[in-house]
Amino acid sequence: MADWHDYLDKASAFHGHLCSGQVLGIRMCLKGLSLLGLSPDDNLRDLMIFLETDRCMADAAIVVTGVTAGRRRLKFKDYGKAAMSFLDLATDRAVRVAANSEPHPGHDLKDVVGFWEAYSDDQILSWQNIRITIPPEDRPGRPLRRVPCQQCGEDVLDGRDAEIDGRVLCKACAGQAYYTSA
Ligand SMILES: [Zn+2]
Ligand SMILES: [Zn+2]
């Protein structure tokens, strides 16, 4: 059984500091994995993680599981919540783990490890079995579709294109750009 203390050095180094987010992220991952019958030492190539935060604990999740964005297995669902879900594609089982709103230590907490050691998992975390449906075009593996945008000419993979007035367009050309020209 993995112990959260084992990951503190690695998480701190990757993230840049030791913080409550690292502790909680590590403990959430170990809890999620164990609920799925997995451990960080297993081959986790069928694991997908859905991060409901883009803050500190997101980095801990990457360190503990080795799951990265470049293999389509790390998804950001920015709900601004201290929570993450774990999906085992091999079994289709999924579990969501969230941090309870209390305790809520300040940013100037000196003894991060000591503070969190006082709490058991069920005091600081909540979890539930869930179902996550992954459309074929969102699954890890080779792209199912690749089309050039008929306006900008850039290739669009994985069905992210849209047909507008009979033209196949990327999201940006379809008016959904997150940027504007400068
Ligand atoms: Zn942090
Ligand atoms: Zn385009």
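Which geometry does the site of the zinc ion (ligand 1) have, judged by the angles among its four donor atoms? I looked, and the site is irregular, with angles of 93 to 138 degrees. Four donors count as tetrahedral if all angles lie between 85 and 135 degrees, and as square planar if opposite donors are over 155 degrees apart and all others between 65 and 115, so anything else is irregular.

Before going on, I noted that this is a predicted model, where local features need pLDDT of at least 70, side-chain atom pairs count only at pLDDT 80 or more, and totals for chains, interfaces and linings use all residues. Residues are numbered from 1 along each chain as its sequence is written, and side-chain values use heavy atoms, without hydrogens and water.

Next, I listed the zinc donors (N, O and S atoms within 2.8 Å of the metal). They are His 15 (NE2), His 17 (NE2), Cys 19 (SG) and Cys 56 (SG), 2.1 to 2.4 Å from the ion. Their spacing along the chain reads H-x1-H-x1-C-x36-C. I found His 15 and Cys 19 buried, meaning under 20% relative accessible area with a 1.4 Å probe, protein chains only.

Then I turned to the nonpolar cores (buried Ala, Val, Leu, Ile, Met, Phe, Trp, Tyr and Cys residues joined through side-chain atoms within 4.5 Å). The largest has 35 residues, and Met 84 and Phe 86 are among those with the most contacts inside it. Another core, of seven residues including Met 48 and Ile 134, lies apart from it.

Last, I checked the domains, whose bounds come from an automatic or database assignment: domain 1 covers 4–136 and domain 2 covers 142–176. Their C-alpha centres lie 34 Å apart.

Key: Chains lettered and ligands numbered in written order. Donors = N, O, S within 2.8 Å, 3.2 Å for Na, K, Ca; no water. Tetrahedral: all angles 85-135°; square planar, octahedral: opposite > 155°, others 65-115°. Buried < 20%, exposed > 50% of the residue type's maximum accessible area, 1.4 Å probe, protein only.
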